[in-house]
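Work through the exercises below with the sequence and the 3D structure in view, and try each task before reading its solution.

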Amino acid sequence: MEREGNYLKSPDLLPVTHQQRNIGTFGFAVIWIGMAIVLAAFAIGGSAIMNLSLPMVIVATLVGSCLIGVFMTLIGDIGIEHGLSFPVYMRAPFGTFGTHIPSLVRGVTAACWFGLNTYFGALAINGILNLLFGFDNWFICFLVFAALQLFNTSLGIKSIERFADLAAPVIILISCWMYYTLADNATSQGKNIWTWVETPTTGFAAFTAFMVVVMANMGFWATLAADMPSLSRFFKAPKNERNWFKRNKTQLVGSLIVMPITNTFIVTIGAVCYMAVASADPINALQQSASGFILGILLLMIVLAQWSTNTSANVVPAATIFSNIGGPKVPFWVGVVIAGIIGILAQPWSLFDVMVNVLLIIGGILTAIVGILFADYYLIRKRRVHVKELYELDGQFKYYKGFNMAGLIAWVIGGAVANIFSTYSSLVGFAVGAIVYYVLAKYWWFKKYPQAELDDPSDAKYLGITVGHNLDEIFGQPTAPTATPDEDELVEQPDPLLEMKGAE
């Protein structure tokens, strides 16, 4: 394939072949356990327990987690079916150049999350070193911890799963330990953790408080909902499987079972944390409620949690996006470095208090993108995609000077309305984005710029793994080994996410 002069065909951004998909159902479940343990979730629980009882906090968190899990699974089918990453498929609803605008927002957001998680992980490392050696310099810990995570990510997606294999069971055990420690602390103060509420609410105020928790959880994961194809394209899936549920089994188990359970448990710990020490800051809570060896172990949980979350949920998506924007001159490993630099320059140590609100707003904006992706992929194209054209500078996705105005207009309207109705932001953003895009694209934009898969809705031509298509056929020459590898083995070939690694 000729790639010179066409940045859209950067090797890092090509569709992932069937042989390159090496993450199974268990592997994704393990990755989700690591991703779902995020310190900001403690803040959701600590805020929620002020107005709702713990059972209501749990229900609201489960509802929000499952709803955003549905969004993730729906959009993740793009990666399963066609092996496409988020920034590449975004060329369809936004144009070959327009894709960079919303993608950049998502990439910078992920990089900022990387900085925030690294900061709290660094505080935990500093606490451990202080206990062991009397060392006290959190900024050095921050820089070293950032470098270790970026190096781990640069080793590719399989190294992330291998790290999570180690981290996940440890995190589960320590999370349980932390819950019981804080629960005992709260009980010793005469608080029943299942009935205590700082400022109880009733009627519509209680419903509003409930919906705020639902939307907080949805907004929290909205970035990953939009970007799920960047991960799902590596999931094992059967060829020639037309049943949507069977084809997306890995996603369904991870995003609708493992994530809601794990996320709800972490939010619950945040609520109990607030009851115990009047603070949702887990490091502060741990330092008040534990000491010595126990404190060191619990701080280790913070380190492992931030590490496993950052690699999968933040650095990989951000690096993929920056690589897409920069083209061949910005391979995946350079994207990793850029994500790290942005995360550091964001100065999370001074921005954390306002960053959560900012990210929730951005999360509301991103659900409008999720709605646009849903409308474009399912409602308009009906999952048929002219994949080869996504990599052509002058193809059908060039539109008007590289912009799909239907997508950009729908995104602006959807994001604006979502933030006007902030109590229901994620649901409103998704619905408005999808509806506005569907109307504009179907009845205006695609009348001006015809789409091959709409003019000739052929499954054989435009579906992917459902009809057994592979990258070899799409681009007209082999890119994967001719021998069929064992499904459970990692194929020894170039990692599409990692140009610096080369052929193994």
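**Exercise 1: Two residues with an unusual backbone angle**

Q347 lies in the loop between α15 (332–345) and α16 (348–380), in a model that is predicted. Task: find what is unusual about the phi of Q347 and of N240, and decide whether N240 is buried or exposed.

Solution. Begin with the general expectation, which is that most residues other than glycine have a negative phi. Next, compare Q347, whose phi is near 50°, a positive value in a residue other than glycine. Then turn to N240, which is placed in the loop between α10 (229–232) and α11 (244–247) and has a positive phi of about 55° although it is not a glycine. Finally, look at the accessibility: exposed means over 50% relative accessible area, so N240, with a relative accessible area of 53%, is exposed. Q347 has 40% relative accessibility and therefore counts as partly exposed.

**Exercise 2: The chain as a whole**

Task: state how many helices and strands the protein chain has, and what share of its residues is buried.

Solution. Counting the secondary structure of the protein chain gives 21 helices and zero strands. Of the 504 residues in the chain, 61% are buried. As a further step, consider the contacts in the chain with a separation of 6 or more, of which 84% are between residues 24 or more positions apart. The surface completes this overview, since the chain exposes about 18,800 Å², and carbon and sulfur atoms supply 66% of that area.

**Exercise 3: Two buried residues**

Task: determine which residues V57 is in contact with, leaving aside its neighbours within four places in sequence, and which residues S232 touches when those up to four places away are not counted.

Solution. First locate V57, which is found in helix α3 (residues 54–82). Its relative accessible area is 1%, so V57 is buried. Leaving aside neighbours within four places in sequence, V57 is in contact with A48, I49, L52, V213 and V267. A separate comparison, from C-alpha to C-alpha, shows that V57 and V214 are 8.9 Å apart in space and 157 residues apart in sequence. Now repeat the steps for S232, which is found in helix α10 and is buried, with a relative accessible area of 0%. Not counting residues up to four places away in sequence, S232 touches G76, G79, I80 and Q251.

**Exercise 4: How α6 packs against two other helices**

Task: describe how α6 crosses α9 and how α6 crosses α7, and name the residues that make each contact.

Solution. Two packed helices are described by the angle between their axes and the distance between the axes. For the pair of helix α6 (residues 100–133) and helix α9 (residues 203–227), the axes come within 11 Å and cross at roughly 130°, which means that α6 is oblique to α9. This crossing of α6 and α9 is left-handed. The contact is made by R106, T109 and W113 of α6 together with F220, T223, L224 and D227 of α9, and by class it has three nonpolar, two polar and two charged residues.

For the pair of α6 and helix α7 (residues 138–154), the axes come within 8 Å and cross at roughly 120°, which makes α6 oblique to α7. Here α6 passes α7 in a right-handed crossing. The residues making the contact include F114, Y119 and L123 of α6, and F142, F145 and L150 of α7. Sorted by class, the residues of the contact of α6 with α7 are twelve nonpolar, six polar and no charged.

Technical notes:
Residues are numbered from 1 along each chain as its sequence is written. This is a predicted model: local features need pLDDT of at least 70, side-chain atom pairs count only at pLDDT 80 or more; totals for chains, interfaces and linings use all residues. Side-chain values use heavy atoms; hydrogens and water are left out. Axes are lines fitted to C-alpha atoms, for helices over the stretch in contact, and angles run from 0 to 180 degrees between N-to-C directions. Helices (H or I, at least four residues) and strands (E, at least two) are DSSP runs, numbered from the N terminus. Angles under 35 degrees count as roughly parallel, over 145 as roughly antiparallel, 65 to 115 as roughly perpendicular and the rest as oblique. A crossing is left-handed if the near helix is turned anticlockwise from the far one by less than a right angle, and right-handed if clockwise. Contact means heavy atoms within 4.5 Å. Ala, Val, Leu, Ile, Met, Phe, Trp, Tyr, Cys and Pro count as nonpolar, Asp, Glu, Lys and Arg as charged, and the others, Gly among them, as polar. Buried means under 20% relative accessible area, exposed over 50%, partly exposed in between (1.4 Å probe, protein chains only). Accessible areas come from the Shrake-Rupley method with a 1.4 Å probe; for residues, only the protein chains shown count as cover.
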